[in-house]
Amino acid sequence: MRAIRIDRLDGPHAAKLVEVEEPALVDGIVVDVHAAGIAFPDVLQSRGLYQHRPELPYIPGAEFAGVVRSAPTDAHVRPGDRVAGLTVTGALAETIALSTDRVFKLPDTVSFEAGAGLLFNDLTVHCALRTRGRLAPGETVLVHGAAGGIGTSTLRLAAAWGAARTIAVVSTEAKGEVARKAGATDVVLADGFKDTVKELTNGRGVDVVVDPVGGDRFTDSLRSLAPGGRVLVIGFTGGQIPAIKANRLLLNNIDAVGVGWGTWALTHPGYFHEQWAELAPLYSAGTVSAPDPEVYPLERTSEALASLEDRTATGKIVIKICKR
């Protein structure tokens, strides 16, 4: 089968298209992959900077969509079912084998390309807003990196869970258009966002900040919170891990909340399927639109990964895998 393989930790351009053996049959599920999603952790992993460091060489990719080839008789899916799935590595290949608890039936309303871009971001945002962030009806949500994968996912989902207003923080006007398309009610530029947000909210501030960026804007995110507000710490695509002065939390009755979706799932068995049980009906009913990803062919995977590293990517990036 064809697959993307990384033989050395030199970053995105180490990703090469090669021929490899299909995965050995196991007791789990075998899926013929039609599309695979990529995200910033894949870039970090290609440089040996992510917490999970697979042995070289490895096939990258942690989420995919495709068709079940084979499954145990007691599995919740059958051969021929359209599915999306989560893995640690291995998704950027024509075929993948994995355990049954990492595979989810894909609604007929969702394409393979959109399905490959659903799980990593939408399940992370579900964990952030529903599990860790305690989003309540009528609240205002601000999201940094709003034109990226986590950002557009937040803008698509927040209103379905009761947010009355979503404020997108972006670095350029062009990215602002991406955020508006994803559902932002307001768009502000990152430079000086604190003052703009204060004006937009008549001095009150926002209830929730979704922050996958980190860096030097973190303190102004804390300053942008209303009393009882929460900053949800999801990642550090800005490259810098910020420090928190605890007195800010105390004096303003605000929270800084860590959102480690994968770690939470590992300590809460069945959590992935609990999340999917809430999300899948939203896609099926059209309450929440599926993502509209930027799609690259398998041959251009290294270019797609590079667009995430240099932050030129907008929205979700998906690799289309056409079986020969």
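Two residues are in contact here when they have heavy atoms within 4.5 Å of each other. With that in hand, let us take a walk through this structure, which is a predicted model.

## Helices α4 and α5

Start with helix α4, residues 149-157, and helix α5, residues 173-182. On the α4 side, the residues that meet α5 are Thr152, Leu155 and Arg156, and their partners in α5 are Val178, Ala179 and Ala182. Sorted by class, this contact holds four nonpolar residues, one polar and one charged. The two helices pack at an angle of about 35 degrees, and their axes are 8 Å apart.

How many residues of α4 are buried? Nine of its nine residues are, so that the helix is mostly covered, given that buried means under 20% relative accessible area. You can find them in the model as Gly149, Ile150, Gly151, Thr152, Ser153, Thr154, Leu155, Arg156 and Leu157. What do these buried residues pack against? Their partners are α3, α5 and α10, together with the strands β8 (140-143), β9 (165-170) and β11 (206-211).

## Helices α3 and α10

Now look at helix α3 (residues 119-132) and helix α10 (residues 271-285), whose axes come within 10 Å and cross at roughly 100 degrees. That makes α3 roughly perpendicular to α10. From α3, the residues in this contact are Leu119, Asp122, Leu123, His126, Cys127, Arg130 and Thr131, and they meet Tyr271, Phe272, Gln275, Trp276, Glu278, Leu279 and Tyr283 in α10. Eight of the residues in the contact of α3 with α10 are nonpolar, three are polar and three are charged.

There is a handy pattern to keep in mind when reading such lists. An α-helix has 3.6 residues a turn, so residues three or four places apart point the same way.

## A pocket lined by helices

The second largest pocket holds about 320 Å³ of space. It is lined by 19 residues, and those closest to its centre are Thr152, Val178, Lys181, Asp292 and Gly315. Two of these names are familiar, as Thr152 and Val178 also take part in the contact of α4 with α5.

Which helix gives the most to the lining of this second largest pocket? The answer is α4, with four residues. Helices α3, α4 and α5 each supply at least two residues of the lining. By class, the lining has five nonpolar, eight polar and six charged residues.

## Three buried residues

The table shows where three residues sit and how accessible they are.

| Residue | Place | Relative accessible area |
|---|---|---|
| Gln45 | helix α1 (residues 40-46) | 5% |
| Ala35 | strand β3 (residues 29-38) | 0% |
| Ser302 | helix α11 | 19% |

Ser302 counts as buried because its 19% is under the 20% cut-off. Leaving aside neighbours within four places in sequence, Ser302 is in contact with Pro12, His13 and Ala15.

Gln45 is buried as well. Not counting residues up to four places away in sequence, Gln45 touches Leu9, Tyr50, His52, Pro54, Tyr58, Val88 and Thr89.

Ala35 is a good place to see how a chain folds back on itself: the C-alpha atoms of Ala35 and Val318 are separated by 6.7 Å, yet these residues are 283 residues apart along the chain. With neighbours within four places in sequence set aside, Ala35 is in contact with Phe64, Ala65, Phe112, Glu113, Ala116, Val318, Ile319, Lys320 and Ile321.

## Less common backbone shapes

Most residues other than glycine have a negative phi, and most peptide bonds are trans. Where does this chain depart from that pattern? Arg134 has a positive phi of about 55 degrees although it is not a glycine, and Arg311 has a positive phi too, near 65 degrees.

Arg134 is found in the loop between α3 and β8, and Arg311 in the loop between α11 (301-309) and β15 (317-320). Are they buried or exposed? Arg134 counts as partly exposed at 45% relative accessibility, and Arg311 is partly exposed with a relative accessible area of 41%.

The peptide bond from Leu56 to Pro57 is cis, with omega near -10 degrees. You will find Pro57 in the loop between α1 and β4 (63-70).

Definitions and conventions. Residues are numbered from 1 along each chain as its sequence is written. This is a predicted model: local features need pLDDT of at least 70, side-chain atom pairs count only at pLDDT 80 or more; totals for chains, interfaces and linings use all residues. Side-chain values use heavy atoms; hydrogens and water are left out. Axes are lines fitted to C-alpha atoms, for helices over the stretch in contact, and angles run from 0 to 180 degrees between N-to-C directions. Angles under 35 degrees count as roughly parallel, over 145 as roughly antiparallel, 65 to 115 as roughly perpendicular and the rest as oblique. Ala, Val, Leu, Ile, Met, Phe, Trp, Tyr, Cys and Pro count as nonpolar, Asp, Glu, Lys and Arg as charged, and the others, Gly among them, as polar. On a 1 Å grid over the protein atoms alone, a cavity is a set of points where a 1.4 Å probe fits but cannot get out, and a pocket is an open set with protein on both sides within 12 Å along at least five of seven lines; lining residues have an atom within 4 Å of a point. Grid points are joined across faces, edges and corners, and a volume is the space filled by probe spheres set on the points. Buried means under 20% relative accessible area, exposed over 50%, partly exposed in between (1.4 Å probe, protein chains only).
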